[in-house]
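Trainee: I am new to this structure and would like a close look at a single part of it. Please take me through the largest pocket, with whatever background I need to place it.

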Amino acid sequence: MGSNVIIGIVIGLVVLAAVLYLIGYLMKKKNQDRLKELDKRKEALFDLPVVEEVDEVKKMHLVGQSQNTFREWNQKWTDVSTKSFAELESQIFEVESQNETFRFMKGKSAIESAERTMTEMEEEVEGIRTGLKELRETEERNSLAVQQALDVFEELKTDLKEKKDNFGPALPEIQKQVKNVEIEFTQFVTLNTSGDPIEAREVLDDAEKHTYEVQAMMQKVPALYEDLDKTFPSQIDELEKTHKKMMADDFVLPEDNFEERLGQVKKHVERSLEDLEKIELGTVETANKETAELIDDLYTTLEKEFEAKKYVLTNRKTIGEYISHASRNNHQLMVELDHTSQSYALNNNELGRARGFQTEIEELERRNRNMEPQIDKHELPYSEVQVFYKDAFKVLDDIETKQVEIDEDLHELRKGEKEASEKIEKYEFRLRNLKRYVEQQRLPGLPGDYLEFFFVATDRVEELSKSLNKIRINMQDINKLVSLCDEDIELLDQKTYDLVDAAALTEQMMQYANRYRHTHPDIKVAIDNSLELFNKEYRYQDALDEIGTALERVEPGAFKRIEDFYFNNRDLV
């Protein structure tokens, strides 16, 4: 073996030793770091004020279930602070021993075991502290809750003592329930002061519940008793006195059971007082609402008759006068209708309607006449008379409105006749003017259809004139004829101007077309045809179409130019 080989082996061993040493150093340092962290956790755990918290709860002198719970938590703390702590110290010592003897892998396993123990201890301590806190807070809640409940309870006792008259027959039962609540509070105080807040809490819950139930009861009873003891009796007394006075004043009620209904109200009140004594508040509340409604109905009955009397006395004279007024108006209307019917045809059953009004008026007059002695003898409820008066006023108002409508229609007949007569003069004047206008054009003749329509319009005006000259005219027919005459005259007017315009334009078109007569044979033919239509058949529009079409072929735009010039200068033509 050469010296170089030996040197290489030595260097290799040295390097290996250095690497192993470095690995060992690093593992040892890592284990030591974890030990330091474990020591910090251990110190932090035992720095927690668990002992103080245990002593604080211990001073509460818990007993029963609360005491058992406390003992469990206290024992767990003892176990943690002794057994678990000793086990942790042993594990830490083992880690240190393994680390110093370079048993790093065993040291790593030992420290992991110690960390698990540390975590379990931390969790145990957290659970112990939470349990102790709950015990402490339960006691504190009990103390606060009992104070609040006791404050309410003391207020109830004070109210019961100072305002006992407000509770009427319910007082004995309320006193009994208050006494039961007081017993529950006594039981609670006994349990709580002896150190058993958990059991005491159950008793307190019942005491609180019953306290607030009694409070709600005591809040409702005075108002219910007020209704039964004062409000309802006062109203019943008022109703009795008012009814007695109204009977003395000869009022007649629509029903004879007022006293019976009042007796039912009294029985309602009596039953409700019995239910109030048994603290059946829901039943009393419902019954009081029903009682109030019954009383309101009784008041309504009396008030209705009282108000009805004022209405009847106010309108008694008026209704008679209104009936007489309506009768006079209807008589005058029928006279007017009879007179008008001699000159005009009445198409809307005016006479029949007027006779119907008379029948209605006579029935109202009969009923009012029969009621008069009954009112004087106090044989009818005023409310019944009031209903008749209001219905009668409504009927009479309706009759008067329709009477006025018929009267206005009669005036419209005369007005329509006058307007129709005036229109005849206008129609005749317009016909004469149209005839003169056509004659002035010196046309070779007039188309048959134009003449026919002219005569139709003339005959229609004549028919209208004859209809107006009848002894008894029908204005519906007259108005229809007037409407037809309006349409005829308007249409005849348009036909006349169309006829004259067509004739004048035809003459101008033929004059203009003469310049092409010798150069365009079709123009010559068109002129000859137009002259035939114009002079012999009097078909002026057809003549215009004939010459205009031919001229437009030779000189496009000529027709429109001549037409525009004509209509723009019609007065000069």
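**The largest pocket and its surroundings**

Mentor: Start with the chain as a whole. In the protein chain, 79% of the contacts between residues at least 6 apart in sequence join residues at least 24 apart. This is a predicted model, and the secondary structure of its protein chain consists of 15 helices and zero strands. The chain has 573 residues, and 35% of them count as buried. Its accessible surface is about 34,300 Å², with 51% belonging to carbon and sulfur atoms.

Now the pocket itself. The largest pocket has a volume of about 320 Å³. Its lining is made up of 17 residues, and those nearest the centre are E412, L413, M475, Q476 and N479. Two helices, α10 (382–440) and α12 (475–513), each give at least two residues to this lining. The largest share is that of α10, with eight residues. Sorted by class, the lining has seven nonpolar, five polar and five charged residues.

Where does the largest pocket lie with respect to the domains? Domain 3 (305–415) and domain 4 (442–568) both contribute residues to its lining, so the pocket lies between them.

The second largest pocket can be set beside this one. Its space comes to about 260 Å³. Here α11 (448–468), α12 and α14 (540–554) each supply at least two lining residues, and the largest share, four residues, is from α12. Helix α12 therefore needs to be kept in mind for both pockets, as it supplies at least two residues to the lining of the largest pocket and at least two to that of the second largest. Among the residues lining the second largest pocket are K495, D498, L499 and A502, along with P447, Y450 and R539. By class, this lining divides into six nonpolar, one polar and five charged residues.

One last residue is worth a look on its own. N315 belongs to helix α8, which covers residues 281–341. Is N315 buried or exposed? The relative accessible area of N315 is 14%, and buried means under 20%, so N315 counts as buried. Leaving aside residues up to four places away in sequence, N315 touches Y389 and F393.

To return to your request: the largest pocket lies between domain 3 and domain 4, and α10 gives the largest share of its lining.

Definitions and conventions:
Residues are numbered from 1 along each chain as its sequence is written. This is a predicted model: local features need pLDDT of at least 70, side-chain atom pairs count only at pLDDT 80 or more; totals for chains, interfaces and linings use all residues. Side-chain values use heavy atoms; hydrogens and water are left out. Buried means under 20% relative accessible area, exposed over 50%, partly exposed in between (1.4 Å probe, protein chains only). Contact means heavy atoms within 4.5 Å. Accessible areas come from the Shrake-Rupley method with a 1.4 Å probe; for residues, only the protein chains shown count as cover. On a 1 Å grid over the protein atoms alone, a cavity is a set of points where a 1.4 Å probe fits but cannot get out, and a pocket is an open set with protein on both sides within 12 Å along at least five of seven lines; lining residues have an atom within 4 Å of a point. Grid points are joined across faces, edges and corners, and a volume is the space filled by probe spheres set on the points. Ala, Val, Leu, Ile, Met, Phe, Trp, Tyr, Cys and Pro count as nonpolar, Asp, Glu, Lys and Arg as charged, and the others, Gly among them, as polar. Domain bounds come from an automatic or database domain assignment.
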